[in-house]
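Grab a viewer and warm up with a few short exercises. Try each one by yourself before you read the solution.

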Amino acid sequence: EQVGAAVQKAVSMGTLRVVANVAGGSGIPARTVSASGKPLDLNVFSEVVKLNLIGSMNVSRLAAAAMVKYSAPAPPDGERGVIIHVASVAAFDGQIGQAAYSAAKAGLVGMTLPMARDLSAVGI
């Protein structure tokens with residue numbers, strides 16, 4: 001709800017042409033299994049993925065819908081806008097304790113090209 005309200009607020013201020021997803025919350029670094037044998041808290045993993053990956057998708061999908069609905073294609077190339085995803089080298093080379101953050105950033109990298117292909121048809 002908050003993201004949708006923020007997108008609508010941006011649209012009310014003018015033409016929405018650029019969105020940047022720059023989430024970088026890594027939570028508390030934790031190993032998959034601690035030295036004492038305790039498994040990684042799945043809620044910790046889920047929260048990092050929710051912030052970095054699911055949050056970025058939520059912003060992207062709502063912003064793209066607003067761009068399609070409210071932004072006429074801009075000459076000369078017919079583009080409506082651009083969505084920027086900022087990932088991290090951790091997507092490819094995560095360090096000890098970064099399983100959740102690395103997974104989220106790898107997911108962001110992995111969804112960028114298919115999203116670009118999806119959205120190119122509508123000028124984003």
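The exercises below work through a predicted model.

**Exercise 1. Find the residues with the most contacts inside the largest nonpolar core, and work out which element gives this core its largest share.**

Solution.
- Step 1: Start with the core itself, which has 17 residues. The ones with the most contacts inside it are L16, V19, L53, M67, I83, L119 and I124.
- Step 2: Now look at which elements supply it. Two or more residues each come from α1 (2-13), α2 (42-70) and α4 (99-120).
- Step 3: Pick out the main contributor: α2 gives six residues, the largest share.
- Step 4: Zoom in on V19. Skipping neighbours within four places in sequence, V19 touches V59, A63, M67, V82, I83 and I84.

**Exercise 2. Decide whether I84 is buried, partly exposed or exposed, and say which surface patch it helps to make.**

Solution.
- Step 1: Place the residue: I84 sits in strand β2, residues 82-85.
- Step 2: Check its accessibility. The relative value is 37%, so I84 counts as partly exposed.
- Step 3: Look at its company on the surface. I84 joins V18, V22, V82 and V86 in a nonpolar patch of about 390 Å². Remember that I84 also turned up among the contacts of V19.

**Exercise 3. Work out whether N52 is buried or exposed, and find what its side chain reaches.**

Solution.
- Step 1: N52 belongs to helix α2.
- Step 2: Its relative accessible area is 0%, and buried means under 20%, so N52 is buried.
- Step 3: Hunt for polar partners. The N52 side chain reaches the backbone oxygen of G25 at 2.5 Å. A polar atom of that side chain also lies 2.9 Å from the backbone oxygen of V48.
- Step 4: Round off the surroundings. Leaving out neighbours within four places in sequence, N52 is in contact with A23, G24, G25, Y101, A104 and K105.

**Exercise 4. Locate S34, classify its exposure, and find the separation between its C-alpha atom and that of G97.**

Solution.
- Step 1: S34 is in the loop that runs between β1 (18-21) and α2.
- Step 2: With 28% relative accessibility, S34 counts as partly exposed, because that class runs between the 20% and 50% cut-offs.
- Step 3: Go for the distance. S34 and G97 are 63 residues apart along the chain, and their C-alpha atoms are separated by 9.7 Å.
- Step 4: Finish with the side chain: S34 makes a polar contact of 3.0 Å with the side chain of S36.

Technical notes: Residues numbered from 1 in each chain as written. Predicted model: local features only at pLDDT ≥ 70, side-chain atom pairs only at ≥ 80, totals over all residues. Heavy atoms only, no water. Patch = residues over 30% accessible without salt bridge, like charges linked within 9 Å, V, L, I, M, F, W, Y side chains within 5 Å. Areas by Shrake-Rupley, 256 points an atom, 1.4 Å probe, with all protein chains shown as cover. Salt bridge = Lys/Arg side-chain N within 4 Å of Asp/Glu carboxyl O. Helix = DSSP H or I, 4+ residues; strand = E, 2+ residues; numbered from the N terminus. Buried < 20%, exposed > 50% of the residue type's maximum accessible area, 1.4 Å probe, protein only. Core = buried A, V, L, I, M, F, W, Y, C linked by side-chain atoms within 4.5 Å. Contact = heavy atoms within 4.5 Å. Polar contact = N/O pair within 3.5 Å; in protein donor to acceptor, adjacent residues only side chain to side chain.
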